[in-house]
Amino acid sequence: MPAALTTSADSVTPADPVEPAEATERASGRSAWWRFGLLVVLLGACAGSLLLWSPTDLLSGGLADRLPGYWFAPLFTLVYAVGTLAFVPRPALNAVAGLLLGIQQGVLLAVLGTTLGAALAFGLGRGLGREALKPYLRGKVLGALDQRFTDQGFRSVLVLRLLPGLPFQAGNYGAAFSGVRFLPFLLATAIGVVPTTAVYVTAAASADQPGSAAFLVSAGVIALLVLGSLVGAWRAYAARRRARTD
């Protein structure tokens, strides 16, 4: 047979098969982003649901009169928690708790609702969002924050809850995307939200007595919290401006 028509079996090189580990990694990455997309859809649905209902209106609209007493506290806590998932500001929910329940019961149920809402947000963020965002936590700043939350979870979350002006929901999902464990997150949240919750609940509960010590003290603390938030926002803005000019 002519040499031009001969082919050597050694010259035929089959296509390199896809490595199993690489294929698994790609599939895992796609799955993580699908879960993250589901998280975005769920949170958008929660926020959009406020067009159809209002947690504050439901809590203050005669809910106690329409339910047996033993159902009111659990339902109040659940509605409060879902309200935080729907991005309702906690001061508004705390004000309703104070107006409707008074100081003692209002603080108790508001803290329980806050903690339950944080637990739900943490579960959603950790289960649906962390894997997709984990590769972006390897930078110098984000990586250091992630490591701090991983190593000092309770202390970090407690400081996060005590800082004025930081959105509650941002703290929930920021912690969920980090390496902090669930139990330290939950305990630090339950403890850390007590001061601000008590202040807003007390202010609302004593609003009909504007000359009372409870109202004056709580209103003064709220003013300090607002001032602290404005100062913090201004310092962050100034720091960004300096970073751009350097």
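**Entry 1: the main core.** I began with the largest nonpolar core, which holds 28 residues. L59, F76, V157, V180 and F185 touch the most other members. I noted that the model is predicted. Next I looked up which helices feed this core. At least two residues each come from α4 (69-85), α5 (90-101), α6 (103-128), α9 (153-162), α10 (168-177) and α11. Helix α6 gives the largest share, six residues.

**Entry 2: a second core.** I found another core lying apart from that one. This other core has eight residues, including L43, L128, L133 and Y173.

**Entry 3: V180.** I listed the contacts of V180, leaving aside neighbours within four places in sequence. V180 is in contact with F122, R126, F149, T150, G153, V157, A175 and F185.

**Entry 4: the surface.** I then turned to nonpolar side chains on the outside. F154, L183, L187 and I191 make a nonpolar surface patch of about 370 Å². Helix α11 (residues 182-192) provides the largest share of the patch, three residues. I checked L187, which sits in helix α11. Is L187 buried or exposed? L187 is partly exposed, because its relative accessible area is 45%, and buried would require under 20%. In soluble globular proteins, nonpolar side chains tend to be buried together.

**Entry 5: the whole chain.** I counted 13 helices and zero strands. Of the 246 residues, 35% count as buried. The accessible surface comes to about 14800 Å². Carbon and sulfur atoms hold 68% of that surface. I also looked at contacts with a separation of 6 or more. Residues 24 or more positions apart account for 76% of them.

Terms used: Residues numbered from 1 in each chain as written. Predicted model: local features only at pLDDT ≥ 70, side-chain atom pairs only at ≥ 80, totals over all residues. Heavy atoms only, no water. Patch = residues over 30% accessible without salt bridge, like charges linked within 9 Å, V, L, I, M, F, W, Y side chains within 5 Å. Areas by Shrake-Rupley, 256 points an atom, 1.4 Å probe, with all protein chains shown as cover. Salt bridge = Lys/Arg side-chain N within 4 Å of Asp/Glu carboxyl O. Helix = DSSP H or I, 4+ residues; strand = E, 2+ residues; numbered from the N terminus. Buried < 20%, exposed > 50% of the residue type's maximum accessible area, 1.4 Å probe, protein only. Contact = heavy atoms within 4.5 Å. Core = buried A, V, L, I, M, F, W, Y, C linked by side-chain atoms within 4.5 Å.
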